[in-house]
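Please examine the sequence and the structure shown below. The report then describes a selection of side-chain interactions.

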Amino acid sequence: MSSIYDALNAAGRALSVQRQRLDVASTNLANAQTTRSADGTVFKRRDVLLSDAEVGDPFAFESELDKLRTVEVVEVVEDDAPPKMVYQPNHPDADPNGYVAYPNINTVEEMVNMITTMRSYQANLNILSGFKQMTDRVLGIGRMG
């Protein structure tokens with residue numbers, strides 16, 4: 001059986017992952033109209049690859065169902081989709097045919113990613129808040145006796 005500290009560890013690790021997902025989504029949104037990055041190329045959308053991970057002692061469980069799991073970041077990858085080509089012949093970054101390459105970022109998709117990430121973050125905060133409330137009550141019982 002996992003301990004309460006394993007559950008807190010899982011929630012804390014999940015908070016860190018959700019923060020990183022939020023950072024990546026906000027960077028994508030901020031660069032949705034960026035036609036040239038620092039290296040002179042079109043900004044490429046980034047995505048966070050996640051994997052599940054065990055929390056606590058892997059030998060302390062009787063079955064696979066008893067194991068406490070969380071999420072971890074495997075890596076942040078660039079999307080290989082081609083840029084959106086928009087005809088804007090007067091733009092300073094237009095090619096000889098008058099097309100400007102914009103990042104392959106769908107702002108609606110990024111907003112949905114941000115909303116789901118924030119909800120996941122809030123769920124993990126609720127776990128930590130519940131633990132704090134339980135701890136306060138236990139300490140209150142100890143003071144009464």
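The following paragraphs treat salt bridges, an aromatic pair and the surroundings of one threonine.

This is a predicted model, in which local features need pLDDT of at least 70 and side-chain atom pairs count only at pLDDT 80 or more, while totals for chains, interfaces and linings use all residues. Residues are numbered from 1 along each chain as its sequence is written, and side-chain values use heavy atoms, with hydrogens and water left out.

**Salt bridges**

A salt bridge is a side-chain nitrogen of Lys or Arg within 4 Å of a carboxyl oxygen of Asp or Glu. By this rule there are nine salt bridges. The table lists some of them, with the N to O distance.

| Basic residue | Acidic residue | N to O distance |
|---|---|---|
| Arg19 | Asp23 | 2.8 Å |
| Arg45 | Glu110 | 2.5 Å |
| Arg46 | Glu78 | 3.6 Å |

Helices (H or I, at least four residues) and strands (E, at least two) are DSSP runs, numbered from the N terminus. Arg19 and Asp23 are four residues apart in helix H1, which means that about one helical turn separates them. Residues are called buried under 20% relative accessible area, exposed over 50%, and partly exposed in between (1.4 Å probe, protein chains only). Arg19 is partly exposed at 43%, and Asp23 is partly exposed at 37%.

The salt bridge between Arg45 and Glu110 links distant parts of the chain: Arg45 is in the loop between H1 and S1, whereas Glu110 is in helix H2 (residues 107–144), 65 residues apart. Arg45 is buried, with a relative accessible area of 7%, and Glu110 is buried at 1%.

Arg46 forms a salt bridge with Glu78. Arg46 belongs to strand S1 and Glu78 to strand S2 (residues 68–78), so this pair ties together parts that are 32 residues apart in sequence. Arg46 is partly exposed at 28%, as is Glu78 at 44%. Salt bridges with shared partners also join Arg45, Asp47, Asp79, Glu109 and Glu110 into one network.

**The aromatic pair**

Rings of Phe, Tyr and Trp (its six-membered ring) pair if their centres lie within 6.5 Å; planes under 30 degrees apart count as stacked, over 60 as edge-to-face and the rest as tilted. The count is one aromatic pair. Tyr87 and Tyr99 form this edge-to-face pair, at 5.3 Å centre to centre with 65° between the planes. Tyr87 lies in strand S3 (residues 84–87) and Tyr99 in strand S4 (residues 99–102), so the pair ties together parts twelve residues apart in sequence.

**Surroundings of Thr34**

Thr34 is found in the loop between helix H1 (4–30) and strand S1 (46–55). Thr34 counts as buried at 19% relative accessibility. Leaving aside neighbours within four places in sequence, Thr34 is in contact (heavy atoms within 4.5 Å) with Val42, Phe43 and Pro103.
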